[in-house]
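Please find below my notes on the charged side-chain pairs, set out as numbered points for you to check against the coordinates.

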Amino acid sequence: MEKHSFQAETQKLLDLMIHSLYANKEVFLRELISNASDALDRRRFEALSNPELQTEDELGIRLVADRTTRILEVSDNGIGMNREDLVEHLGTIARSGTLEFLNRADQAEGGEANPDLIGQFGVGFYASFMVADEVEVISRRAGEDKATRWVSQGTGEYALDDAERDHAGTTIRLKLKPVDEEAGIQDFCDEWVLRRIVKKYSDFVRYPIRLTVIEEAAASSEAEAGEAEASNKDEAGKAEAGPVRREIEEPLNSMKAIWTRPESEVSEEEFNEFYRHITHDFHDPVLRISTSIEGTFEARALLYVPSKAPFDLYHRERLHNGVQLYVRRVFIMDECRELLPEWLRFVRGVVDAEDLSLNVSREMLQQDRQIRTIRKHLVKKITERLKALAEEDPSKYESFWAEFGPVVKEGLLDFQEKRERILDLVLAPSTADEGKLTSLAAYKERMPEDQKAIYYIAGPKLDVLKRSPHLEAFREKGIEVLFLTDPVDEVWVSQGPIAYQDLPFKSIGHGEVELGSEEEQEKAKEALAREEENLGDLLKAIRAAIQDEVKEVRLSARLTDSASCLVLEEGDLSPQLEAMLRQAGQSIPERKPILELNPEHPIMKALEKRFEENPTDPKISESAKLLLGQAILAEGGQLDDPSAFAELVNKLMTETL
Ligand code: ADP
């Protein structure tokens, strides 16, 4: 016998389980059955390429409830584990969801984990320690001869030992704690308790879950023969008979693929339970989509939109992703990425196709016409349902958008997608009602008739954007501007031509502003031109002082209160996007912004006066630098030389104080 210590995290988890106050302890069975079902899937899948792993026996799960010893076994003839697997899978925690659970438990007040956390996360195998004082695992990896026993009381160590097992697979033996209904420990050896739990959580598991009950012979004959006769037997006779095995023929679960049952016959609770089974996510989904494709070929899908983003949504190597593929009710593969585009990677569920081959491989899927058609149908369906949700339950939709909006917007980068459909889903904060998100449709409705574009300002910080000087003229004229704050926004808006119902997206920080009717625009332009002429030499002097940093200095039509702001040329990349691309290793040519000045601002008036008196007054160049510096700071940018700027400010303060 070999002793091993648990990895520290595992021990922490075990302690939480052992001392758990979580009332709903029956979920341990769901977790064990779910693991068994996964192991059976794996065996089936690996057997496709390795016929040695095939078995004549029916693949399934068996519960053996020994009422005389209070030992409950959960066995499967799935893939099994060898010694190394046992050490790795049951001695350490690799599963990210479980690690996240631990983090959350750590953060909990006073170190006491909220019992409900267990229910929300479903902590897998270790949940057995909520109901058992000792857990033994006897497992034999399919294709190998040796079996191994793993045993632990959950305290610090586990032991490994050689064991005997006729067939490949895994048996989990639980030495159950005494029944204590108040603490959630039911009689887990009772046939009816087990039947109920299996029905509740695991009815749709696609392998039969069978039950054997071991009980005192007397108990069963008593049940059969009736009390009168039983009472005639003497006590010794009972003991001699010893325990008997009673096998219940019918599986406890119906194994019915939930997506083939009429929707009206399945309760929302059952649908949610199925979601939990396939995702291990313990929050209810935001949306469930049942849909079928009919025509030259047929398929059904049962999809879910989770309510919370998985922590690895943006990782390249995601653990759990996408939907499962079935062919005629037979499970083919997990995570079939071909069925949905990347920007819908958070959608989970099942697709069951009628006409694919059972031997379909991933390579074949990529080219398969049916898969492409299914994918198109699903995208359409999902976007329609999301749009409907936005209308029916805006606050639910907003919470969805907060979790997955940035991912959905990745779809706008794909020219093959129907981008209008995705734009229909977009929400963004705007100047219209600053606490609220708006859809593009609502923006369009509020827009004056002669407005020809959807205006936006992009940057990483909403607060900075809200105070941006670029907004001044727009606010004054009551023209709504969207605030786009996700990194992906900068990419799709600059990837033009992108338009929402023929309205192009226009950055208020790029190019010239053209607000109001054509007539008004004309007038404004003329006025500016006149001012430029008047101030031409002053502008030149300002430019000379900062020529290394700006491309041009000009008068602004977009400022009302501020003295200066920076703008980019139409088509220029924004500073954030530049930084992103540089980080991604792309070489981006240096680009200088344009400094716009507000001719109506008192500073400009004062500069004008000074310039008239003495065109070489050093105050002019100092002011130029200050105007540039504040424009950079106002958009949340970084100064090239902050200490030089501070010196200028200090000088100014000393002069005025
Ligand atoms: P999860 O199942 O979510 O990965 P668990 O803690 O429940 O987390 O299980 C850890 C790992 O142990 C599983 O990923 C699997 O590799 C292995 N395992 C658990 N139960 C079985 C089983 N019945 N057969 C084979 N492997 C199993």
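1. In this predicted model, the side chains of Arg70 and Asp187 form a salt bridge whose closest N and O atoms are 3.1 Å apart. The two partners come from distant parts of the chain, 117 residues apart, with Arg70 placed in the loop between strand S2 (61–66) and strand S3 (71–76), and Asp187 in the loop between strand S7 (169–176) and helix H6 (191–202).

2. A salt bridge also joins Arg329 to Asp352, again with 3.1 Å between the closest N and O atoms. Because Arg329 sits in the loop between strand S12 (323–327) and strand S13 (330–336) while Asp352 belongs to strand S14 (residues 348–353), this pair ties together parts that are 23 residues apart in sequence. As for accessibility, Arg329 is partly exposed at 38%, whereas Asp352, at 1%, counts as buried.

3. Salt bridges with shared partners connect Arg30, Glu31, Glu273, Arg276 and Asp284 into one network.

4. Within a helix, Arg42 and Glu46 meet through their side chains in a salt bridge, at 3.3 Å from N to O. Both residues lie in helix H2 (residues 27–49), and because they are four residues apart there, about one helical turn separates them. Arg42 has a relative accessibility of 40% and is therefore classed as partly exposed, and Glu46, with a relative accessible area of 21%, is partly exposed as well; the cut-off for buried is under 20%.

5. For context on the pairs discussed above, a search of the whole structure finds 45 salt bridges.

Technical notes
Residues are numbered from 1 along each chain as its sequence is written. This is a predicted model: local features need pLDDT of at least 70, side-chain atom pairs count only at pLDDT 80 or more; totals for chains, interfaces and linings use all residues. Side-chain values use heavy atoms; hydrogens and water are left out. A salt bridge is a side-chain nitrogen of Lys or Arg within 4 Å of a carboxyl oxygen of Asp or Glu. Helices (H or I, at least four residues) and strands (E, at least two) are DSSP runs, numbered from the N terminus. Buried means under 20% relative accessible area, exposed over 50%, partly exposed in between (1.4 Å probe, protein chains only).
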